[in-house]
Each structure stands twice: as C-alpha cells, then as structure tokens.
Amino acid sequence: MPKSVSLVLSSGGSKGLAQIGVIHELGRHGFKIHSIAGSSIGSVIGGLYAMGKLSEYTDWVCSLTKKDVWSLMDFTITSHGLLKGERVFEKLKAFIPDMNIEDMKVPFTAIATDILNEKEVIFDRGSFYKAIRASVSIPAVFIPVNYNGSILVDGGLLYPVPLEFVKPAEGAITVVVNLYGDRRENISEQSETDRDYSKGLFNIFSKLISTGDKQSIGYYTLLTTTSSAMIHKLAKVSIEKYKPEIVINIPYDSAGTFDFYKAKELIMLGEAEARETISSYLNNYNE
C-alpha cells in the first residue's frame, strides 16, 4: 500500500501541538512525509519538521509552564493587536536558526491571509520565520504583518485546512490533521505550580479577555466564538471537497489558544487519535 504522505496541518492554536504526536505516529507506522502545507500553528509544526528541527522544538515546548508562556507574551498598547508576537520567535531563533523554505529537507508551504484583498498568500520560498509570523497572526490578538503593501493575518482565516496548497507527491496519500474535531472535555489538569500562578496576573488577564463582566460574553470570547463558527465550517467544507484518505480529528476544545504548557498531554492526544485513525485506515485498506 502507499506509504508516502502529503501532510496537511490545520490552524487551531496550542491544539496544534497534537500534530507533533501525529507525526510521531505516522513514523511508527512506516509512513514517510514527502510534502507539507500548514496554516497558523500548522505552519509552525510543519515547517519545523520540514527543516529537521521538530525534536528541538518539542523538547523546549514540553518544558514550558504557564508562567513561561506568560513571560513570552509581549503585550502592546497599539490598537492593532494585543501582542507584538516577537518575543517567542526571538526565543526560538536562539536555538533554531532561520532557514529559507526552499532549502528545507521536505517541500513545505505556509499560508497567510491578505486581509485587504481577501485572498491567500503562499510562502514556499524565503525566510521560515517571516512566513510563520504572518501565518499565525490571529486578528485582534497579534499585530498583523505588513508585506509587499498588504496586511497579512492568520492563514486559518480563509484556509484553516489548506488542502489546496499541499504539493502532491507521486503515489502519496493525503493525511489531514484537523484541529476542529468534535467537542471533548479539557484533557489535562493544572499542576500545583500552575494553579498557584493562575491566581495571579495570567488569571486576571484571561478573565479580562475571555469573560468580560456579568452582562457580557467578553471581547475575546465573542471574537473567538464568532470566528470559530466560521472556521469550523470552512474546515468541514474543505475536507468534504477534497476527500483526503486520512483525516485525524483533534477535539476543538482540547485546549485554549495559548495553552502551550499542556504540550505533553496534547502530543499524547495526537498520538492516540492518530493511532486509532491510522489503524482503522490500514484495516479497511487490507480488507
């Protein structure tokens, strides 16, 4: 049976860490990834794999606590977004140097959205970090990126599951990691340290942007809930249109946007969901 994979990684915040587990499981089943396309967090994970640096990133992100995540948030008073989005990339560059996409070991494409012209921008050449900084620019959260006279925001806004842009490999099957799967309860409990820290500034900030006052759903929650409804629909339509051979669904409520301190649990979740889905595919293929 075909063992070559064209891998499509969706947007979805910290839930994208589950994509690391999926990649691990694909390897365990003998699949070889020959091309990757990603939006938002999918562009980060996909690009790191394509450049051969995913293990370094995995070790780092698995070491993060909630306090560490907070320290990586570079807040700004500008009206264009809540976060500059520079500090975390500077941290990554300290142990994962930038690389041109065309020099990567695996063909890779990152997707961003040109909000002024309402169309995609495809990054398959040039700086990896410039590409993913544009691709992860969640509107109203991260300051958008100015690029060739356009304003770029999160690739998931128009292409949460960028099936259109993965470069096909001869004889390959298409595998999608969809971070908008059916609802499931949150997968992990906070550690004692994280619970203590959450009583401080992080908790205050979370309440500010998530809940608002008693009469309001809150600015950030209203924004994310509204956009999520649209994005979930776009993801479903894209999958139904292109009919990839394997779709690995990660529950959309597995983690919040910035829950990167749950890396170990999310990676394990990705492994478990991939194991079940791949085994089902192989069984059906061999019948």
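This tour moves from the whole protein chain to selected salt bridges, naming at each stop what to select.

**Before selecting**

The model is predicted, so local features need pLDDT of at least 70 and side-chain atom pairs count only at pLDDT 80 or more, whereas totals for chains, interfaces and linings use all residues. Residues are numbered from 1 along each chain as its sequence is written, and side-chain values use heavy atoms, with hydrogens and water left out.

**The whole chain**

Select the protein chain and display it by secondary structure: ten helices and eight strands appear. Helices (H or I, at least four residues) and strands (E, at least two) are DSSP runs, numbered from the N terminus. Next, show the surface. The accessible surface of the protein chain is about 13,900 Å², with 52% belonging to carbon and sulfur atoms; such areas come from the Shrake-Rupley method with a 1.4 Å probe, and for residues only the protein chains shown count as cover. Of the 287 residues, 49% are buried. Here buried means under 20% relative accessible area, exposed over 50%, and partly exposed in between (1.4 Å probe, protein chains only).

Contacts may be considered at this stage, a contact being heavy atoms within 4.5 Å. Among those between residues at least 6 apart in sequence, 78% join residues at least 24 apart.

**Helix H1**

Select residues 18-28, which form helix H1. Within this helix, Glu-25 and Arg-28 form a salt bridge, with the closest N and O atoms 2.7 Å apart. A salt bridge is a side-chain nitrogen of Lys or Arg within 4 Å of a carboxyl oxygen of Asp or Glu; by this rule there are nine. The two residues are separated by about one helical turn, because they lie three residues apart in H1. Glu-25 is buried, at 4% relative accessibility, whereas Arg-28 is exposed, at 54%. Now add Glu-271 and Arg-275 to the selection: together with Glu-25 and Arg-28, they are linked in a network of salt bridges.

**Lys-53 and Glu-56**

Select Lys-53 and Glu-56, whose salt bridge has its closest N and O atoms 3.9 Å apart. Lys-53 is partly exposed, with a relative accessible area of 26%, and Glu-56 is partly exposed at 28%.

**Arg-125 and Glu-102**

Finally, select Arg-125 and Glu-102, whose side chains meet in a salt bridge (3.7 Å, N to O). This pair links distant parts of the chain, 23 residues apart: Arg-125 lies in the loop between strand E4 (119-123) and helix H6 (128-135), and Glu-102 in the loop between helix H5 (87-93) and strand E3 (108-114). Arg-125 is exposed, at 56% relative accessible area, while Glu-102 is partly exposed, at 33%.
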